[in-house]
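Me: Could you take a close look at a single strand for me and walk me through its surroundings? I'd be glad of a friendly tour in one go.

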Amino acid sequence: MSKPSDLVQGTLDLLILKILALEPMHGWAISQRLRQISGDALQVSDGSLYPALHKLEQEGSIKAQWRTSDLGRRAKFYELTRPGRKQLELERANWERLSSAISAVVKLRQA
Amino acid sequence: MNLPRWIAALPVRVRSIVGRARAENDLDDELSFHVAMQARAAHEAGTSEADAMRRARLDLGGVLQTKERCRDTWPLRWAEDLLHDIRYASRGLRRTPAFSLIAITVLALGIGANTALFSVISGVLLRPLPYPDANRLVRIWSAMPAQGYPRSGTALPDYRTWRATNHSFEEMGASHNTVYNLTGVDPPERLLAARMTASMWQVLRPMPLLGTLFSSDAEQWGHHRVVVVSEGLWKRRFGADPSILGRTVQLNGQPFTVFGVLPASFQYPNAGTELWTPESYAPGDAMDSRSNRFVDVIGRLKPAVTVPRAQADLAVVAAQIRQQFPENAGVDATIQSWREDIVGGVRPTLLLLWGAVAMVLLIACTNVANLVLARSLARRQELTIRVAIGAGRGRLARQLLTENMLLASVGAILGVGLAYALVHSLPTLGPIGMPRLGEVRLDRVPLAFAAGLAVLTGVGFGVSPLRYLRDVDLANDLKESARSAAGSTSQSGSRRVLLIAEVSLSLVLLIGAGLLIVSLMRLQQIDPGFRSDHVLTASVNLAGARYQKHEQIALFVRELIDQVAMLPGVEAAAASTGIPLGRTGWGKFFNIDGRPVPSSLAQVPTVEYRQVTPAYFQALGATVSRGRAFTPDDDAQRPRVAIVNETLATRFWPNEDPIGSRVSAAPPESLIADEIAGAIAAGQLPADFQGVPRLTIVGIVRDVRERGLDREVAPTLYVPYAQAVPPNEDPSGSFFLVVRTATDPVAYRQPIEALVHRLDPDLPIANVQTLEARVAESLARRRFAMMALGSFAGVALLLVVAGMYGVMSYLVTQRRREFGVRIALGATPRDLLGLVLSQGLQITAIGIPLGLLTAGVLSQFAAGQLFEVEPLDPRIYGATALVMAAVAVAACALPALSAARLDPAMTLRQE
């Protein structure tokens with residue numbers, strides 16, 4: 001069985017929320033976008049993406065709608081909810097605090 | 001999670017619970033869309049179509065597994081899983097009905113018996129007595145250890161001093177049992193009653209159903225004719241008429257005013273008590289003196305006062321009384337928790353049975369564990385396949401556990417039903433010698449106990465197969481056939497251990513049952529000193545205006561006995577103040593002329609004292625071993641005579657012949673000179689009183705075991721009823737009728753009752769019972785314990801047979817191929833028979849010594865339940881071990897025979 005994402009806990013959630021903040025998307029599109037923006041730096045397996053989406057949906061941060069995709073097939077489109085948007089701000093602030101703290105420490109070592 | 005998000009999530013949560021099928025569909029669509037998109041992208045990039053599809057699936061980390069992880073995020077997943085597991089488990093159990101039926105039945109038996117017995121333990125031993133703050137109630141006795149009475153009734157004046165001067169009790173009350181003849185209504189009825197101090201109401205705190213309870217004013221002589229009646233009597237005799245309050249009823253021919261009605265739940269001092277009247281005596285009444293010790297005292301401790309502290313406090317009070325009153329020389333006070341006093345005697349029996357029934361459950365569990373083990377082996381392939389297609393091992397473990405819990409739960413539910421039936425059949429078992437049985441209920445506590453048992457047993461027998469899950473080896477197990485995988489050594493090893501446990505546990509039970517059975521047999525074989533067959537007994541209580549004078553009592557006794565004796569078929573009729581198992585006692589001082597006078601009253605011995613009519617020993621079937629029995633000639637005009645029992649004779653005349661000795665049923669006059677002078681002054685003794693009349697011993701009677709077959713015989717002095725006359729003796733108005741008959745004694749009940757009615761229409765006759773019934777009742781608790789333990793042992797033996805047979809046949813089936821090969825290589829059927837039998841014998845050879853050892857240790861705790869049997873009696877141990885071995889071999893015989901009859905060609909071809 002596949003191991004859970006190697007990403008820092010909650011980072012995948014932040015990325016998903018950020019991507020969905022721009023426009024509603026279906027799962028495959030999200031996975032493409034993830035690959036596109038992070039390149040090989042972030043290894044997000046598709047196997048981790050869907051459980052994360054379902055978790056966010058169950059938490060009320062995102063909601064889903066079935067629409068016909070550009071290929072004419074029915075697809076599940078996710079979009080941010082209003083509380084989800086707040087959640088994104090919160091997570092982003094947390095992330096920035098955390099990453100600046102980490103980079104400060106890392107720089108300290110180099111000096 | 002914050003509130004807005006929770007609200008936003010609500011629709012999807014509800015959808016995933018309610019629209020479960022759609023949610024599943026959607027999940028399917030979503031992932032297959034992803035795979036399709038991914039594959040198309042890869043194909044467009046140049047990969048072959050099939051390859052692209054495969055890659056897309058792999059990237060998803062396995063479609064099934066990813067689906068499973070998505071579902072894990074859905075709400076109520078556990079409940080969903082549980083339902084699913086239960087559904088799956090019940091399907092599985094239905095598929096193997098024989099297995100399920102046996103397992104459930106075995107568990108239901110085990111859990112049912114345990115729950116029923118625990119209901120009894122809970123109701124009898126654990127539940128507080130049915131009074132408010134009952135843990136503060138204690139029983140208080142007078143104690144005269146030097147005279148051989150560590151506990152005795154209390155004198156009213158002593159009780160009053162205790163009550164007035166102690167520092168430990170909130171309140172104390174005194175009472176004694178009595179009987180009243182309810183007259184003035186038809187038919188008259190003899191009613192159990194209690195006379196008690198008003199303070200007892202504050203000790204026990206009952207709430208009257210109607211009216212009030214009497215106050216201490218009613219204890220004053222002259223104001224004492226008030227009565228509180230029981231709900232039962234009120235309904236039975238007074239039509240539940242509320243206007244009964246203030247009315248008078250005739251008790252012993254005297255008018256008593258009804259003050260109140262007590263609910264049926266109030267059962268002090270006995271379950272059958274129906275009247276309560278004040279403890280009140282005329283001034284100067286000898287009953288109300290320090291030398292008449294007959295009341296029972298109950299105390300309510302102040303909060304936070306312990307029993308030892310109250311004991312020390314009362315010891316000081318008792319010492320003060322001793323200093324002040326010489327007649328109290330050697331009299332102390334002793335207390336015990338009341339509940340302990342009531343149930344302490346049955347605790348060992350109940351704990352013994354509890355231990356036994358717990359062993360039955362253990363055996364049942366081991367049996368089911370064996371079945372489950374065998375079944376899990378048969379399912380090895382199924383489990384392996386399920387692991388292969390994505391089931392988590394934890395999830396599978398949960399599934400297996402669910403199956404076991406389902407078995408245990410169904411077993412427990414049926415078991416509770418069984419326990420319910422058992423508890424409700426308790427009253428129909430007849431006397432079983434337990435107090436508080438009326439309080440036994442299958443309520444919350446036993447139900448919780450049953451639920452606990454279900455969980456324990458479910459986990460208990462379900463854990464061993466789980467070990468196997470740990471070792472599932474996908475690649476190998478899938479290749480191997482289920483059959484060859486089944487014989488793994490660790491599995492058959494643990495089955496063998498389980499069987500050994502079963503054999504030794506049931507041997508322990510067999511030995512326990514054997515010890516109890518032999519005890520009861522010994523008890524029934526001992527010579528009770530009387531013949532219980534063909535004897536009818538009844539109690540009569542002469543009270544009221546017609547029997548004020550001793551001549552009236554003597555006359556009535558004589559007439560009654562003469563007329564009963566003349567009934568056709570009556571061989572002997574007698575009256576006596578005490579009969580075997582009549583649960584009455586009457587002690588008197590005993591003094592032998594010509595022996596040194598003791599220094600104080602406390603040193604004067606006491607003996608049991610009985611007034612009997614001439615035919616008493618004949619009616620009872622007791623043997624006069626020396627001298628003569630009483631005759632009708634031993635009347636008030638003749639010299640006074642007495643008969644003693646052998647215990648009394650050997651205690652006081654160890655090396656001499658007591659016949660002809662002169663004794664008195666009173667202390668030496670010199671020790672009671674003051675009392676005699678006082679009695680003469682009060683006119684109770686004639687002015688020319690020359691001393692207590694002397695009795696000449698004319699006979700010795702073989703010991704009659706009056707208190708019970710297993711109880712020691714007290715030194716007993718018998719005097720003729722007709723010679724019990726004043727000044728210092730009175731014929732007792734309360735006596736037993738003992739009638740020996742030629743045919744069934746029960747048939748004489750009607751004629752005797754008619755006869756009594758003819759003599760005195762107002763006189764009820766009570767406790768009509770054969771002597772055999774009294775004896776049976778006295779053995780009831782032992783018999784109950786023996787039957788219970790015996791049936792537990794029987795069930796255990798059955799379970800062992802089933803377990804042994806099951807495992808052995810299973811082993812034979814598993815090793816058919818091997819056996820076939822052996823036969824092909826030249827083994828004879830005999831060899832195979834021996835091979836299988838030796839397997840069974842190995843188990844027995846370890847199990848039996850283990851059982852003997854365990855029984856040897858455990859039986860020490862049961863020593864108090866035994867009668868003239870050593871807890872380590874080698875014959876019982878040997879015999880039961882033989883039975884066990886024989887049963888074990890017999891259980892192996894069938895599978896062994898089937899092994900011997902194997903056709904090698906058939907078995908080998910089947911593989």
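Reply: Here is a walk along one strand and its pairing partners, with a short stop at the chain contact afterwards. Please keep in mind that this is a predicted model.

The strand to look at is β4 of chain B, which covers residues 169-183. Let's start with β5 of chain B, residues 189-196, which pairs with β4(B) in the antiparallel sense over eight bridges. If you want a spot to find on screen, go to B:N177, which faces B:A194 in β5(B). These two strands make a hairpin with five residues between them. In that turn you will find B:G184, whose phi is positive, at about 80°.

Next comes strand β11 of chain B, residues 293-301, which is also antiparallel to β4(B) and is joined to it by six bridges. Here B:S175 is the residue to click on, as B:D296 of β11(B) stands opposite.

β4(B) has a further partner in β8 of chain B, residues 248-251, with two bridges and again an antiparallel run. Within this pairing, B:L182 has B:L251 as its bridge partner.

Now for the stop at the chain contact, where 24 residues of chain A meet 26 residues of chain B. On the chain A side, α2 (27-38), α3 (46-59), β3 (74-80) and α4 (82-110) each bring at least two residues. The most come from α3(A), which gives nine. By type, this side of chain A holds six nonpolar, 10 polar and eight charged residues.

Methods:
Residues numbered from 1 in each chain as written. Chains lettered and ligands numbered in written order. Predicted model: local features only at pLDDT ≥ 70, side-chain atom pairs only at ≥ 80, totals over all residues. Pairing = 2+ DSSP bridges. Helix = DSSP H or I, 4+ residues; strand = E, 2+ residues; numbered from the N terminus. Contact = placed C-beta atoms within 7 Å. Nonpolar A, V, L, I, M, F, W, Y, C, P; charged D, E, K, R; others polar.
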